[in-house]
Every structure is written in structure tokens, then in C-alpha cells.
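Hi everyone, thanks for coming along. I'd like to walk you through one structure today, starting with the whole and then going to a few residues. Here it is on the screen.

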Amino acid sequence: MSSRSFPGRRSVLRGSLVASAAATLPAAFGSAPSFSLSGRPSAGWGVQVGDVTADSGLVWVRSDRPARMIVETSATEAFRDPHRWDGPLLGPDTDFTGTTLLRGLPPGEQIHYRVLLADPDDPRRTGEPVTGTFRTVSARRREGVRFLWSGDLAGQGWGINPDRGGYRIYDAMARLDPDFFLCSGDNIYADGPISATQALPGGGTWRNVTTEEKAKVAETLAEFRGNFRYNLLDENLLRFNAQVPAIVQWDDHEVRNNWYPGEVIASSDTRYTEKSLDVLAARARRAFSEYFPVSTLRPGEREGRVYRVLHQGPLLDVFVLDMRTYRDANSPGTQTVDPQGILGREQLDWLKRELSRSQAVWKVIAADMPIGLVVPDTLEGRPNFDAVAQGDPGAPLGRELQIAELLRHIKHRRITGTLWLTADVHHTSAQHYRPAQAAFTDFEPFWEFVSGPLNAGAFPATALDATFGPERVFLKAPTASNVSPAGGYQFFGEVDIDGGSGELTVRLREQDGTVLFTQTLQPGLVGQ
């Protein structure tokens with residue numbers, strides 16, 4: 001455990017925070033947010049904060065109409081003498097969403113904030129404020145770091161079920177009082193419509209909240225936006241967003257299952273009239289950038305990319321990867337030369353450079369896909385693979401070549417404290433990669449931890465590829481495919497870095513918070 005107290009610093013805030021947020025939550029699952037001040041802008045979709053640093057945080061909101069975004073911050077909930085931040089004008093070009101970057105904040109401090117939406121024509125007319133809180137990154141090591149990760153939300157037709165209380169996993173995560181939540185991708189299932197009901201195996205019915213945009217696969221910008229709005233109908237998620245900052249990445253289902261650049265959807269898939277994945281991905285990316293506070297996707301930012309590094313104090317750097325946008329085409333993965341790989345040359349060079357520069361004790365590589373787990377891409381009968389591994393236990397081939405280059409770099413540059421976190425495969429597991437049992441041996445041992453789904457179908461374990469010598473130390477997965485959230489197998493993971501010893505402890509947890517597996521790693525080592 002970290003040296004700080006537990007359950008932690010936010011617990012005293014929750015009563016008033018939840019009460020404040022309740023006024024903006026949907027009156028019932030599936031209904032659009034109700035607005036208490038008629039004719040005034042309202043933030044009925046809650047607030048979020050993303051990519052928090054030692055001196056900044058990016059605040060997100062959505063209005064129900066044109067409005068000027070205003071953020072006020074304070075050291076206390078009383079908001080005496082607040083600092084005011086004038087944000088952008090929210091309008092239809094961004095689906096009435098927007099972000100405001102708070103700069104110059106004190107490090108390691110609890111920041112209380114409230115968002116007001118003002119009538120553009122009469123700034124005195126403001127809607128009811130929506131409040132949230134977050135803690136800036138501490139510059140002091142002794143305070144430790146605790147964060148959670150998972151992915152895969154509203155997949156396989158399992159959406160917000162009011163009979164079960166919606167996405168209850170978010171309440172379990174909030175009780176752990178994390179510094180931030182890392183979402184490892186599949187924040188939506190744009191290719192997965194949600195119907196009003198779905199039959200449960202063995203009898204019974206799963207009932208979903210439904211919306212017009214979730215009635216079909218997403219193709220238009222409006223439909224992609226509606227997919228992101230859908231999850232914000234869940235009151236558990238809105239409460240969580242107001243309490244816990246996020247670091248968000250994307251994977252395939254923000255666009256379409258197993259997509260890659262340049263792909264063209266087969267004519268036999270009549271669900272889609274737009275067949276170009278490049279067109280669909282551009283629309284999805286725009287909606288993604290509108291609905292999450294991602295620092296490198298803000299309007300006017302030069303990078304315009306999902307991959308980035310977030311410095312979380314002396315103990316932790318988080319390297320967020322994008323394993324979709326720059327990949328080559330899915331294939332059998334038998335190439336002996338593959339310069340594009342799964343990351344693209346530019347992103348791989350960036351990752352090697354930033355890892356070499358990092359002074360943090362721990363360097364978490366946040367991957368949206370696993371390394372040694374075989375993920376087939378059998379859509380339309382293709383004998384291809386979607387992730388890195390392709391099932392050949394020999395020397396690196398295809399996308400494995402890039403991973404081999406990265407692992408070799410980590411070893412020879414003596415980069416300490418690396419570990420990999422991911423989701424994607426809809427079960428939870430821990431893999432220990434060791435050169436002693438690998439075909440490729442020019443690397444130091446490392447760990448990969450898998451979690452998720454948050455609320456989606458669960459699936460059996462995937463096969464391991466022996467190229468990098470993974471040993472599956474822990475696994476929990478169903479034996480049947482597409483097990484509903486009612487059947488369990490919904491997971492999240494916790495990382496807790498002790499400020500005194502520097503030890504990093506990973507806990508794999510079930511949806512109610514029950515600990516399934518624990519692994520503690522020692523600091524200062526190139527291999528673990």
C-alpha cells in the first residue's frame with residue numbers, strides 16, 4: 001500500500017460532490033438530462049478532467065445549447081475567492097462540447113472546480129454550476145501514486161441496464177480513491193448496436209437503455225457523437241468522472257472491430273453504406289476528441305495525436321500508445337521485414353526516445369493491445385491477426401519485429417522500471433515474459449497485466465505466442481463466449497506505488513473490487 005492514508009483524501013468530499021452532481025444527472029436511466037433553469041444553458045452531461053499534471057488539468061463539459069464555458073477553481077468546496085478561467089464558446093461545430101486548460105495550479109493539491117455555462121448574448125444568465133475535484137500531481141515522492149485501469153464499455157450489445165443499476169463497476173473503482181483512471185481503449189462500441197432487450201443464456205432478459213444513435217452501426221459524425229453520449233447517460237459514470245481524472249486512449253471499437261488504415265469494408269457487410277475505414281476513422285477521431293479531455297487533441301494543438309507521455313511525478317511516467325492509427329494492414333504476420341508494424345516508425349522512435357529520457361522510477365507502457373496474446377482477425381474469413389502476436393513461436397515476424405526492437409532498446413539502454421498494461425481481450429490475466437523461455441532472447445524480463453471489460457461480453461482466454469517467452473501466471477476468464485455482465489467476469493486493475501520503498505503493487509480486481517491476484521515489483525531494475 002502507499003504510505004498515504006486509505007480510503008484517502010477524496011472520501012470527505014463525496015457527499016457534497018455527489019449532491020452537487022445529482023442536479024445534473026439524468027432523472028432516470030435512458031432519459032436525456034433534465035434542466036432546472038429553463039432557458040439557460042445546462043451541463044447535463046457532467047464534467048470530466050483529463051491529463052492532469054503537476055500544474056495543470058484539462059476540464060471538459062457539454063452544454064445543451066450555445067454557451068460560454070467558464071471554470072472557477074478553489075482550494076475548498078466553499079469557493080471563497082475563486083479563480084476564474086474563461087473558456088471557449090460551445091456550439092454545434094463541437095456538438096456543444098469544449099475544454100478549458102487550467103494552468104499554473106499548485107502541485108500536489110486538491111483542486112475544487114465548478115463549471116458554469118453562460119448565455120453568449122447575456123453573460124449574467126448562467127445555468128446551474130456543476131462541480132468536480134481532482135488532485136494535481138505531487139512533486140514529492142513520499143505521497144505515492146495509486147491509479148486504476150480497464151477498458152471495453154458497452155460492448156456486444158450489453159449496455160446500460162437500469163435493472164442492475166447501470167455501470168456499477170465505476171462505484172467500486174471510486175471507492176479505491178485513485179489519483180487517476182487509465183482507460184485502455186474501446187470506450188464505445190461504434191460497431192455494436194444496442195437493442196432494448198437481449199436474451200440471457202439460461203433464460204431471462206437483459207434490458208438496455210436505448211438511444212436513436214445506438215440503433216445501428218455508427219457511420220455519420222452525429223452517430224459517433226451519439227455513441228459517446230450514450231455512456232454519459234449512466235449516473236455511476238458521471239459521478240466517477242466528477243471525482244477521478246482520466247487518461248484516455250482508443251482502440252478499434254471507437255471505429256469498427258479490428259480496423260486498420262486503408263481498409264475497405266466488404267460489400268457483403270450491408271450494415272455499412274460508407275465502406276472506407278479512413279472516412280469512418282476520421283469521423284470517430286473527431287467525436288473522440290470532442291468527448292474526452294485529451295491534451296494532444298485540443299483544438300490548435302500541433303500534435304493532433306492520441307499517443308503521448310504523462311508525467312505523474314518522480315515515481316511514474318505513463319506512456320500512452322496508439323496501436324491503431326499508424327499500423328500496417330492486418331495480415332498473417334509472417335513478414336521478415338515490417339517497418340510500419342503496429343506503431344509506425346515515428347511513434348516507435350518517439351517511444352524509445354521518451355523512455356530513454358524518463359527519470360521516473362516506474363515507466364508504465366499503456367498499450368491498447370496485448371503483446372504475446374494471439375488476437376485473430378477472422379472477419380470475412382481472413383486468416384489474419386489483429387494485435388502483435390501471430391501464433392508462430394519462433395523468431396520475431398511481422399509486427400513482432402517492432403516489439404523486439406523496443407525490448408532490445410530497453411535492455412541495452414538500461415531503462416529501469418518498465419511494465420505493460422492493457423485491456424482488449426475481455427478477461428483478466430498476468431503474463432511474465434522471460435528470455436530464458438523465449439525464441440527472441442535479447443531483452444530483460446518484464447510483466448504485462450490485462451484487465452477489462454468494464455461492461456461488455458467476456459470471452460475465453462486467448463492463446464499465447466512463445467516468441468517473447470510469456471508465462472501466464474494468473475488468469476480468470478469464462479469458458480463460454482460473450483458472457484454477459486450479469487454472469488460476472490467484469491474486471492479492473494489497480495497499480496499502487498509506495499512513496500517510501502518505491503515498490504509497485506498490481507492488483508487485478510473483479511467488478512465489486514474483490515482482489516483476484518497481487519504482484520509486487522521492486523524499483524530500480526531493468527528486468528523484473
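Let's begin with overall size. For 528 residues, a compact globule would have a radius of gyration near 24 Å, and the protein comes out at 22 Å, which agrees. Please keep in mind throughout that this is a predicted model. Along the principal axes, the C-alpha atoms fill a box of roughly 70 × 55 × 45 Å.

As for secondary structure, there are 7 helices and 25 strands. How much of the protein is buried? Of the 528 residues, 62% count as buried. If you take contacts between residues at least 6 apart in sequence, 72% of them join residues at least 24 apart. On the outside, the protein exposes about 18500 Å², and carbon and sulfur atoms supply 52% of that.

Now to charges. The protein carries 56 positive and 64 negative side chains, and the centres of the two sets lie 4 Å apart. Side chains of opposite charge can pair when their charged atoms come close. Here the count comes to 39 salt bridges. Let me show you three of these pairs and one network.

The first pair on my list is Arg62 with Asp95, whose side chains meet in a salt bridge at 3.2 Å, N to O. Arg62 sits in strand E2, residues 57-62, while Asp95 is in the loop between strand E4 (83-90) and strand E5 (97-102), so this pair ties together parts that are 33 residues apart in sequence. Both Arg62 and Asp95 are buried.

Next comes Arg225 with Glu290, a salt bridge at 2.8 Å, N to O. This one links distant parts of the chain, with Arg225 in helix H3 (residues 221-231) and Glu290 in helix H5, 65 residues apart. Again, Arg225 is buried, and so is Glu290.

While we are at H3, let's look at the helix as a whole. How many of the residues of H3 are buried? The helix is mostly covered, with 10 of its 11 residues buried. Among them are Leu221, Phe224, Phe228 and Tyr230, and also the charged Arg225 we just met. What do the buried residues of H3 pack against? Their partners are E2, helix H4 (235-243) and H5. You'll remember E2 as the strand that holds Arg62.

The third pair is Arg327 with Asp386, a salt bridge at 3.0 Å, N to O. Arg327 is in the loop between strand E15 (316-320) and helix H6 (345-357), and Asp386 is in the loop between strand E18 (384-385) and helix H7 (400-412), so here two loops are tied together across 59 residues of sequence. Arg327 counts as buried, at 3% relative accessibility. Asp386 counts as buried too, at 1%.

And then the network: Arg146, Glu494, Asp496, Arg507 and Arg509 are linked by salt bridges.

Arg327 also leads us to a tryptophan. Trp259 lies in the loop between strand E13 (246-248) and helix H5 (277-291). Is Trp259 buried or exposed? With a relative accessible area of 3%, Trp259 is buried. So which residues does Trp259 touch? Leaving aside neighbours within four places in sequence, Trp259 is in contact with Trp250, Asp251, Asp252, Leu277, Ala281, Arg324, Thr325 and Arg327.

Before I finish, a few backbone details for those of you who like checking torsions. The peptide bond from Gly452 to Pro453 is cis, with omega near 10 degrees. Pro453 lies in the loop between strand E21 (446-450) and strand E22 (470-476).

There are also two positive phi values to point out. Ala154 has a phi of about 65 degrees, although it is not a glycine. You'll find Ala154 in the loop between strand E9 (145-150) and helix H2 (169-174). Ala154 is buried, with a relative accessible area of 4%.

The other is Asp186, with phi near 55 degrees, again positive in a residue other than glycine. Asp186 belongs to the loop between strand E10 (180-183) and strand E11 (197-199). At 0% relative accessibility, Asp186 counts as buried.

That's my tour. Thanks for listening, and I'm happy to rotate the view for anyone who wants another look.

Technical notes
Residues are numbered from 1 along each chain as its sequence is written. This is a predicted model: local features need pLDDT of at least 70, side-chain atom pairs count only at pLDDT 80 or more; totals for chains, interfaces and linings use all residues. Side-chain values use heavy atoms; hydrogens and water are left out. Helices (H or I, at least four residues) and strands (E, at least two) are DSSP runs, numbered from the N terminus. Buried means under 20% relative accessible area, exposed over 50%, partly exposed in between (1.4 Å probe, protein chains only). Contact means heavy atoms within 4.5 Å. The radius of gyration is taken over C-alpha atoms; the globule rule is 2.2 Å times the number of residues to the power 0.38. Accessible areas come from the Shrake-Rupley method with a 1.4 Å probe; for residues, only the protein chains shown count as cover. Lys and Arg count as positive and Asp and Glu as negative; His and the chain ends are not counted. The place of a charge is taken as NZ of Lys, CZ of Arg, CG of Asp or CD of Glu. A salt bridge is a side-chain nitrogen of Lys or Arg within 4 Å of a carboxyl oxygen of Asp or Glu.
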